[in-house]
Amino acid sequence: MEKLIGVALLVAGIGLLIWGYNLYSAFSSHVARFVTGSPTDKTMIVLIAGGVCTALGAFLLLRKTR
């Protein structure tokens with residue numbers, strides 16, 4: 001069961017990272033970075049959530065079970 005959750009988190013995390021990258025390279029994000037000097041909050045939240053899900057999923061998959 002733990003491996004299944006790990007796979008689901010890994011897939012969801014990779015999906016979120018891809019979505020976050022697309023948000024980062026969108027025109028509205030370019031405008032926001034030009035005006036404020038930083039990406040939008042939504043972009044950062046999606047990228048951070050994707051990184052956390054990917055790391056947690058990889059941890060659960062690679063962890064040895066007893």
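Accessible area here comes from the Shrake-Rupley method with a 1.4 Å probe. On that footing, the protein chain in this predicted model has an accessible surface of about 4,800 Å², and carbon and sulfur atoms account for 74% of that area. As for what is tucked away, 20% of the 66 residues of the protein chain count as buried.

The fold itself is quick to describe. The protein chain holds 3 helices and 0 strands, so its elements, read from the N terminus on, simply go α-α-α. The overall outline is a stretched one: along its principal axes, the C-alpha trace spans about 55 × 15 × 10 Å. The radius of gyration tells a matching story, with 15 Å for the protein chain, whereas a compact globule of 66 residues would come in near 11 Å. Even so, contacts reach a long way along the sequence. Of the contacts with a separation of 6 or more, 73% are between residues 24 or more positions apart.

One spot on the surface deserves a look of its own. Phe27, Val31, Phe34 and Val35 make up a nonpolar patch there, and together these residues offer about 520 Å² of accessible area. Val31, one of the patch residues, sits in helix α2, which covers residues 27-36. Is Val31 buried, exposed or something in between? Its relative accessibility is 38%, and because the in-between class lies from 20% to 50%, Val31 counts as partly exposed.

Technical notes
Residues numbered from 1 in each chain as written. Predicted model: local features only at pLDDT ≥ 70, side-chain atom pairs only at ≥ 80, totals over all residues. Heavy atoms only, no water. Helix = DSSP H or I, 4+ residues; strand = E, 2+ residues; numbered from the N terminus. Rg over C-alpha atoms; globule rule 2.2 N^0.38 Å. Buried < 20%, exposed > 50% of the residue type's maximum accessible area, 1.4 Å probe, protein only. Contact = heavy atoms within 4.5 Å. Patch = residues over 30% accessible without salt bridge, like charges linked within 9 Å, V, L, I, M, F, W, Y side chains within 5 Å. Salt bridge = Lys/Arg side-chain N within 4 Å of Asp/Glu carboxyl O.
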